[in-house]
Amino acid sequence: MASQRQIRVGDVPIGGGAPVAVQTMTKTETANVAETLAQIRRVAEAGADLVRCAVPRDDDVQALKTIVRESPIPIIADIHFNHTLAIKAIEAGAHCIRINPGNIGGPEKVAEVVATAKRHDVPIRVGVNSGSLPKHLRDLEYSDPVEALVRAAVETVELMERLDFDQFKVSMKSTSVPNTIASNRRLSERIPYPLHLGITEAGTKYTGSLKSAVGLGTLLADGIGDTVRISLSTFHAEEEVKVAWEILKALKLREKGPVLIACPTCGRLQFDMDSVVAEVERRLEAYEDPIEVSVLGCAVNGIGEARHADFGITGAKDAGMIFSKGEPLKKVPTDQLVDELFKEIDRYYASGKTV
Ligand code: SF4
């Protein structure tokens, strides 16, 4: 069930019907202001709505002041173990903080953080993690790991409510895709607060993207989840942002830039389609509208398979066809297909039309 409540992280609404927000996490040492800001600008350029920075030391809190001031997108400070750092991060201007109430030092310390958040009107992401569940849930974790996660999250929510605080979102992280799906489904039925989705330690670009697409995609298709982060083992945080966008675009939850459709090829293929697809994808990066462009290996099923594409090409051995909305526009030599396709796209825009 979609969350009923809405919070705001800086100027980004989360939950309550707002578009699913894309976030990522910087992989630089936060105290290195220049490198951290450079990475934040890259992820913002790639489409991140929010970015989280690890704040494990006082030096990072100091850096946070400049980072918050100069960042083009809201900053979430990520704190573990040390509640004074959470308080200092709020005072340094963080737009949101992320804490795990299970490792921040007990309910009294959480209460101190919440009191500071209230004073500064800063929301909190409260996260529970399958790797650090409270001791009293350990037995349950063995018999029913999904219920253990959900119960830990609900206990955290109840603590927030006892503290008379409702400006928070909740995350439950697990390395297991089925447990992530089951626990978020169950939690979404029990609480009205926004949910942050992610598969923790998902893996490399290939496996991590797939696990995230399956886990997060399943939940998002059900209308569950208000903000997402794809965790990938790569230094380039912008890759996480691109994957998140592809998932949201595939589900038609948000639009951003062109959508490329390409057939898988088969024995009918008679030209170097790999290079053509790569070149079309590269050139499409310069376009901002959500045009659909298809690249198909042959005319047998090609045009019919991509009838809804705004533009497309079907290749063949010597000459291919350029088409638009399922209608052929012109036949051109195969080595000129890409150039001619983009001439048609540019001509369309020059005529003042929009998709
Ligand atoms: Fe095969 Fe042609 Fe279909 Fe591509 S469009 S998969 S080449 S039949």
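This is a short conversation about how some labels are earned in a predicted model.

Student: Why are helices α3 and α4 called roughly parallel to each other?

Tutor: Start with the geometry: the axes of α3 (residues 83-91) and α4 (residues 107-120) cross at roughly 0°. Angles under 35 degrees count as roughly parallel. The crossing angle falls under that cut-off, so α3 and α4 are roughly parallel to each other.

Student: Happy with the angle! What else describes two packed helices?

Tutor: The distance between the axes is the other half of the description. Here the axes of α3 and α4 come within 9 Å.

Student: Which residues of α3 and α4 meet?

Tutor: From α3 come H83, A86, I87 and I90, and they meet K109, E112, V113, T116, A117 and H120 in α4. Sorted by class, that contact has five nonpolar, three polar and two charged residues.

Student: Now the strands. What makes β8 and β9 a pair?

Tutor: Two strands pair if there are at least two bridges between them. Strand β8 (residues 168-173) and strand β9 (residues 195-197) have two bridges, so the condition is met, and the sense is parallel. V170 stands opposite L195 in β9.

Student: In what order do the eight strands close into a barrel?

Tutor: The order is β3-β4-β5-β6-β7-β8-β9-β10, with parallel pairing. Neighbouring strands of this sheet are turned by 25° against each other on average, direction ignored.

Student: And which residues come nearest to the ligand?

Tutor: C263, C266, L296, G297 and C298 do, out of 13 residues around the ligand. By class, this shell has seven nonpolar, four polar and two charged residues.

Methods:
Residues numbered from 1 in each chain as written. Predicted model: local features only at pLDDT ≥ 70, side-chain atom pairs only at ≥ 80, totals over all residues. Near = placed C-beta within 6 Å. Nonpolar A, V, L, I, M, F, W, Y, C, P; charged D, E, K, R; others polar. Axes fitted to C-alpha atoms, helices over the stretch in contact; angles between N-to-C directions. Helix = DSSP H or I, 4+ residues; strand = E, 2+ residues; numbered from the N terminus. Parallel < 35°, antiparallel > 145°, perpendicular 65-115°, else oblique. Contact = placed C-beta atoms within 7 Å.
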